[in-house]
Amino acid sequence: MYKLFYANKSASMGVRVMLEEIGVPYDLIQTSVDMDRPRPPEQLAINPNGWVPVLLWEGGAMYECAAITVYLCDRHPDARLAPAVGDPARALFLQTLVYFSNTIQNAYQLTYYPDRFVNASADESSAKQRGIRRLWETWTVIDNQIGDNQWVLGDRFSAADIYLFMLTTWLRSGIGHPSVDEFPNVKRIADAVLKRPSVQLVYEPWIANPEY
Ligand SMILES: N[C@@H](CCC(=O)N[C@@H](CS)C(=O)NCC(=O)O)C(=O)O
């Protein structure tokens, strides 16, 4: 039985999709990503940064979405969500997940939390604008990487596609982000992932209102 500290709109949704795809039981522990809301002490004890996702299981706990993704894939190989250790496709799988986590997510951070990147509040707008451009640059790299492939790894669906879908749901036209339509190969995969029953369940609030 897994426990997942969970908040709508956040990276914990991608981990929940993984748990649904794997088919294991889990409990959600509601928390918040709002800066003016406190985090449960149990969450902070595992992740002092106050971020989600945070995953717990009998005997362990961890944070960092990409690391959790790899951990769950390896722990549940029957779900076939990742190339196994030793499979040549594992290289692109790991490369893409880490790029998502440390480059594309970083660009989102600039636009959602510009105060974390500048000393003076007068500079926040500049950081945000740079983040928006960085989103365009980094999503373009992934769009070109995918090319005509059906999925991130070619003809094989994987957790990298779930992760890609999750990141596309963070694009908000209301704050000046590029539209997913500007990245047609990314969009093709995101549209395909959206059809999965696991995604329909977890992303129901986003499907009802993408700018929620
Ligand atoms: N590097 C972390 C970042 C996670 C992250 O930024 N989570 C956001 C929601 S998507 C969050 O919890 N934000 C609230 C905060 O930063 O206080 C990961 O990939 O797990």
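This report describes helix α1, the contact between two domains, the nonpolar core and the surroundings of the ligand.

The structure is a predicted model, in which local features need pLDDT of at least 70 and side-chain atom pairs count only at pLDDT 80 or more, while totals for chains, interfaces and linings use all residues. Residues are numbered from 1 along each chain as its sequence is written.

**Helix α1**

Helices (H or I, at least four residues) and strands (E, at least two) are DSSP runs, numbered from the N terminus. Helix α1 spans residues 12-22 and is mostly covered, with nine of its eleven residues buried; a residue is buried if 20 or more other C-beta atoms lie within 10 Å of its own, exposed if 12 or fewer, and partly exposed in between, with C-beta atoms placed from the backbone. The buried residues of α1 are Ser12, Met13, Gly14, Val15, Arg16, Val17, Met18, Leu19 and Glu21. Just after the helix, Gly23 takes a positive phi of about 85°.

The elements that cover the buried residues of α1 include those in the table.

| Element | Residues |
|---|---|
| β1 | 2-6 |
| β2 | 26-30 |
| β3 | 54-57 |
| α3 | 65-75 |
| α6 | 159-168 |
| α8 | 197-202 |

**Domains and core**

An automatic or database domain assignment gives the bounds, dividing the chain into domain 1 (2-79) and domain 2 (89-208). Their centres, taken over C-alpha atoms, are separated by 19 Å. The contact, for which two residues must have their backbone-placed C-beta atoms within 7 Å, takes 14 residues from domain 1 and 14 residues from domain 2. On the side of domain 1 that touches domain 2, α1 and α3 are the elements that give two or more residues, and α1 gives the most, with seven residues.

The largest nonpolar core, a set of buried Ala, Val, Leu, Ile, Met, Phe, Trp, Tyr and Cys residues joined through C-beta atoms within 7 Å, has 49 residues, and Met18 is among those that touch the most other members. Helix α6 gives the most to this core, with eight residues, and the core draws at least three residues from each of domain 1 and domain 2. Not counting residues up to four places away in sequence, Met18 touches Thr69, Leu72, Leu81, Ala159 and Ile162.

**Ligand surroundings**

The residues around the ligand, taken as those whose backbone-placed C-beta atom lies within 6 Å of it, include Ser10, Ala11, Trp51, Tyr63, Glu64 and Cys65. This shell divides into seven nonpolar, four polar and one charged, where Ala, Val, Leu, Ile, Met, Phe, Trp, Tyr, Cys and Pro count as nonpolar, Asp, Glu, Lys and Arg as charged, and the others, Gly among them, as polar.
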